[in-house]
Amino acid sequence: MTVLLDLILPPRCPSCGTEGTSLCATCIRPLERRLDEPPGLPIGLPADLPDGLAQLEWCAAFTGPVRAALLALKYDGDRRVAEPLGRAAGRRWSRAGVGGEVVVPVPIHTERLRDRGYDQATLLARVAASELGLPTVPALQRAVATTAQYHLGRAGRAANVGHAFECRREHARAVRGRHVLLLDDIVTTGSTLSACARALYAGGARCVSAVTVARER
Ligand SMILES: [Zn+2]
């Protein structure tokens, strides 16, 4: 049904409603503003760099059109908006990122995948990876069902996701000895990215970095 609607309905900017584009020329600007900023600026997280990451980059604050676009992707079934968002993440990493050999999306819960029919981080990762000329490998999976992050405070989130991920055995070879670039839609505390990094190191990754579309304080 969603696929059919995608074909019938014209794309619409999820922020301002302009028809004919999945994120209009005006609303895409916040995603491009930081493109040429130097890498590794302090990001205001509890620790400047989440544990286990060699580098973390992001495109824009989680406000305004970027927020509207990510919410449309996550909750309104607007898969087309993954294209401009993923491209922005790829471009930010190509300007500011140091290396990376394989792109790995942060996996969502399988129940949520079933509800929604797609995984937004995987959609974003595919676009970003093609921008970077790298392969995408779904090397991680959720180890246990964690309580929705939304309902937890910061400390609760960190404890909750500590061991929430594991490397999928069938993709072990793709990460072993490699510099993995994690991709997620939003970074908040960085605890999810840290937990993913831990699982990737356990799977033999040489180095783990991350790029996200947005940063939420
Ligand atoms: Zn717009």
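In this predicted model, helix α9 keeps a good part of itself out of sight: Ser191, Thr192, Leu193, Ser194, Ala195, Cys196, Ala197, Ala199 and Leu200 are buried. That makes 9 of the 12 residues of α9, so the helix counts as mostly covered, with buried taken as under 20% relative accessible area. The length of α9 checks out too. Running over residues 191-202, the helix should span 16 Å at 1.5 Å a residue, and its end C-alpha atoms sit 17 Å apart, which agrees. Just past α9, Gly204 adopts a positive phi of about 105°.

Helix α4 gives a similar picture. Its 15 residues, 82-96, stretch 21 Å from first C-alpha to last, close to the 21 Å expected at 1.5 Å a residue. Buried residues in α4 are Ala82, Pro84, Leu85, Gly86, Ala88, Ala89, Gly90, Arg92, Trp93 and Ala96. The cover over these buried residues includes helices α2, α3 (64-75) and α6 (120-132), along with strands β1 (56-61), β5 (179-187) and β6 (207-215).

Then there is the zinc ion. Its protein donors are the SG atoms of Cys13, Cys16, Cys24 and Cys27, lying 2.3 Å from the metal. Along the chain, these donors follow the spacing C-x2-C-x7-C-x2-C. Cys13 and Cys27 both lie in the loop between α1 (2-8) and α2 (29-32), so the pair ties together parts that are 14 residues apart in sequence. Both of these cysteines, Cys13 and Cys27, are buried. As for geometry, the angles among the 4 donor atoms run from 101 to 120°, and the zinc site is tetrahedral.

Technical notes:
Residues numbered from 1 in each chain as written. Predicted model: local features only at pLDDT ≥ 70, side-chain atom pairs only at ≥ 80, totals over all residues. Heavy atoms only, no water. Donors = N, O, S within 2.8 Å, 3.2 Å for Na, K, Ca; no water. Tetrahedral: all angles 85-135°; square planar, octahedral: opposite > 155°, others 65-115°. Helix = DSSP H or I, 4+ residues; strand = E, 2+ residues; numbered from the N terminus. Buried < 20%, exposed > 50% of the residue type's maximum accessible area, 1.4 Å probe, protein only. Expected span 1.5 Å × (residues − 1). Contact = heavy atoms within 4.5 Å.
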